[in-house]
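Visitor: Please give me a close look at one residue and its surroundings. After that, widen the view.

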Amino acid sequence: MTEDGEGAPASQTLDRGIRVLEHLAATREPQSIATVAAAVGVHRSIAYRLLRTLEAHRLVERDDAGSYGVGLAVVGLSRSVRRTLQAAATPELAQLVRSLGMTAFLVVRDGDEAVTVNAVEPRDSPAHVAFRPGNRHPVGLGATGLALLVPDEPSPDDRTDLVTARARGWASTLGEVIPGMRAVAAPVRHADGSTAGALAVIFVDQAVDDAVVGAALATAADRVSAVLG
């Protein structure tokens, strides 16, 4: 197989390193070398070398028990992802956190997945949901996935929640991505009406009125859309 051909990656080592990062980001909890090796499908010694190289670049970090998690350098890299959208959305996320007291985040679409690229958590709340950049889940699942689909052309196969979200401009779900968690999200649009991303909040309070939260998110998303436009 040539470097220009399809199939095997041009750089096996780079491919393995990326898969290590993807695994650590997906699991959220520190992982032992043996666990990483099994997940990536390599010998423990290879996993060790990959992790030490990534650690040298601060892309992973090691805890006192010798387990590895995603490092702080990944945060710096993520800030450059869709920078214009993030720059427009960040003030609105901060305002949502202040007004609602909930964790707010920005999600974009990556193929068939919804990916969190920025999140802001309350600083003075006695309890809130932690939600980190890099989280992924299928588009169409959860409020954020539905919000990303709102600008799409309607289809007879659309789930009822998506039809409702299109009618009111925001989506709401319970426990679809994280069990027991409620989420509300609204789409951010490009000037041509296509999906740029979605603003969302996640919370546990069952007494919160979705309509109030949804209206706040739709207004914030509209302001971000106006900046992009």
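Guide: Start with Ala 88. Beyond its neighbours within four places in sequence, Ala 88 is in contact (heavy atoms within 4.5 Å) with Val 224, Val 227 and Leu 228. This is a predicted model, in which local features need pLDDT of at least 70 and side-chain atom pairs pLDDT 80 or more, while totals for chains, interfaces and linings use all residues. Numbering runs from 1 along each chain as its sequence is written, and side-chain values use heavy atoms, without hydrogens or water.

Ala 88 belongs to helix H5 (helices are DSSP runs of H or I with at least four residues, strands are E runs of at least two, numbered from the N terminus). Its relative accessible area is 11%, so Ala 88 is buried (under 20%; exposed is over 50%, partly exposed in between, with a 1.4 Å probe and protein chains only). Arg 223 is 135 residues away from Ala 88 along the chain. Yet the C-alpha atoms of Ala 88 and Arg 223 are separated by 8.5 Å.

Stay with H5. Helix H5 spans residues 83-100 and gives the most to the lining of the second largest pocket, with three residues. That pocket has a volume of about 190 Å³. From H5's span, the lining includes Ala 94, Val 97 and Arg 98. Val 120, Glu 121, Pro 122, Arg 123 and Asp 124 also line the second largest pocket. By class, its lining holds four nonpolar residues, four charged ones and no polar ones (nonpolar: Ala, Val, Leu, Ile, Met, Phe, Trp, Tyr, Cys, Pro; charged: Asp, Glu, Lys, Arg; polar: the others, Gly among them).

Now the enclosed spaces. The structure holds two cavities of 30 Å³ or more. The largest cavity has a volume of about 120 Å³. Fifteen is the size of its lining: of the 15 residues, Gly 142, Val 177, Ile 178, Ala 183 and Ile 202 are the closest to the centre. On a 1 Å grid over the protein atoms alone, a 1.4 Å probe fits in a cavity but cannot get out, a pocket is an open set with protein on both sides within 12 Å along at least five of seven lines, and lining residues have an atom within 4 Å of a point. Helix H6 (142-149) and strand S6 (171-174) each supply at least two lining residues of the largest cavity. H6 gives the most, with three. The lining of the largest cavity divides into nine nonpolar, five polar and one charged.

H6 leads on to Val 150. Val 150 lies in the loop between H6 and helix H7 (160-168). Val 150 counts as buried because its relative accessibility is 6%. Outside its neighbours within four places in sequence, Val 150 is in contact with Leu 162, Ala 165, Arg 166, Pro 187 and Arg 189. The C-alpha atoms of Val 150 and Val 188 are separated by 9.7 Å, at 38 residues apart along the chain.

Arg 58 offers a contrast. With a relative accessible area of 55%, Arg 58 is exposed. Its place is the loop between helix H3 (44-56) and strand S1 (60-62). Arg 58 is not a glycine, yet has a positive phi of about 60 degrees. Most residues other than glycine have a negative phi.

Last, the whole protein. There are eight helices and eight strands. Of the 229 residues, 40% are buried. Among contacts with a separation of 6 or more, 50% join residues 24 or more positions apart.

Technical notes: Points joined across faces, edges and corners; volume = space filled by probe spheres on them.
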